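Trainee: I have a structure open and want to test some of its labels. Can we go through them one at a time?
Mentor: Yes, here it is.
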Amino acid sequence: FYPIHPLTPNLSLLSTSPSPTSPPTKLTLRMRLSILITSPTSPPFTFNVLNECSLHRTSDYLTSLNLSVNSSPFAPVQADGIIFATPTGSTAYSMAAGSSVVHPGVAGIVVQPICPHVLSFRGMVFPDYAVIEVTTNNNRGGVEVAFDGRERRVLEEGERLEVRMSKYPVATVCNEGDTDDWVRGLSECFGFNRRKLQGED
C-alpha cells in the first residue's frame, strides 16, 4: 500500500539481526491520514495524523456538515461532531464514541459520528483509496477541527476539508508480530468482555 523506497535506509538497519541466531526484527507500517483544508481566502492547510482528525461543535448548536466520498454526495451530518480515524486511532477517541476496533493491518478510514441526531447514522469503514470531503452547511455555531487532539483550528464557512490516506506511514517495531502484539495489547489495556462468571463467589 505504501512506497517503501523512502524508508529503505532506515529499515535496513532494523532488518538485520544482532546475531546469526537472533530472529529478524518485525515491523508494522501504521497508516496515517492526510488532511487538507482549502479556502477561497487563504492558502491550503495540510496535516498528517496517526490517530484521528475530529470535528466538534463550539456552541450549543449541532454541527451541520455535508459529507462526500470520491466527489459523490454521501450524507448530511447533524451531530456533536464527526471523527475520521486510522486503524491505529480506532482504539482511541473513535472507540470511545462507539466505533469498531480495526486491526492496524487493515488499510481503511474509520468514520464515526459523535452523538448523531439521527440514530441510523452509524460508524463506517471506508477503503484506503477513498477521498472523503467535508463542507459546512450554514452552521449556527462554529466548527473546530482537531488533529490528533493537539493542533486545532476553526473550519470556516466556505472551506472544504479533505481526508485521504497519507503517503507517509509510521514504521513501528513489533515485539512478536503485529497481530500477536495487537491482541495482547487490547486484552491487557481494555480487558475485553471480562466479567465475573455467574456462580462464582
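Trainee: What makes Arg160 and Glu162 a salt bridge?
Mentor: This is a predicted model. In it, the closest N and O atoms of Arg160 and Glu162 are 3.2 Å apart. The cut-off is 4 Å between a side-chain nitrogen of Lys or Arg and a carboxyl oxygen of Asp or Glu, so the pair qualifies.

Trainee: Why is Glu162 called buried?
Mentor: Its relative accessibility is 10%. Buried means under 20%, so the label holds.

Trainee: And why is Arg160 called partly exposed?
Mentor: Arg160 has a relative accessible area of 27%. Partly exposed runs between 20% and 50%, so Arg160 falls there. Arg164, with 35%, is partly exposed too.

Trainee: What makes Arg164 and Glu162 a salt bridge?
Mentor: Their N to O distance is 2.9 Å. That is within 4 Å, so the pair counts. Glu162 also belongs to a network of salt bridges with Glu133, Arg160 and Arg164.

Trainee: How do you know that Arg184 and Asp181 are about one helical turn apart?
Mentor: Both sit in helix α3 (residues 178–190), and they are 3 residues apart, which means about one helical turn. Their closest N and O atoms are 3.1 Å apart. This is within 4 Å, so they form a salt bridge. Arg184 is partly exposed, at 29%.

Trainee: How many salt bridges does this rule give?
Mentor: The count is 8.

Trainee: Which residues have the most contacts inside the largest nonpolar core?
Mentor: Leu55, Ile82, Phe84, Ile132 and Leu161, in a core of 28 residues. Strand β6 (72–85) gives the largest share, 4 residues.

Key: Residues numbered from 1 in each chain as written. Predicted model: local features only at pLDDT ≥ 70, side-chain atom pairs only at ≥ 80, totals over all residues. Heavy atoms only, no water. Core = buried A, V, L, I, M, F, W, Y, C linked by side-chain atoms within 4.5 Å. Buried < 20%, exposed > 50% of the residue type's maximum accessible area, 1.4 Å probe, protein only. Helix = DSSP H or I, 4+ residues; strand = E, 2+ residues; numbered from the N terminus.
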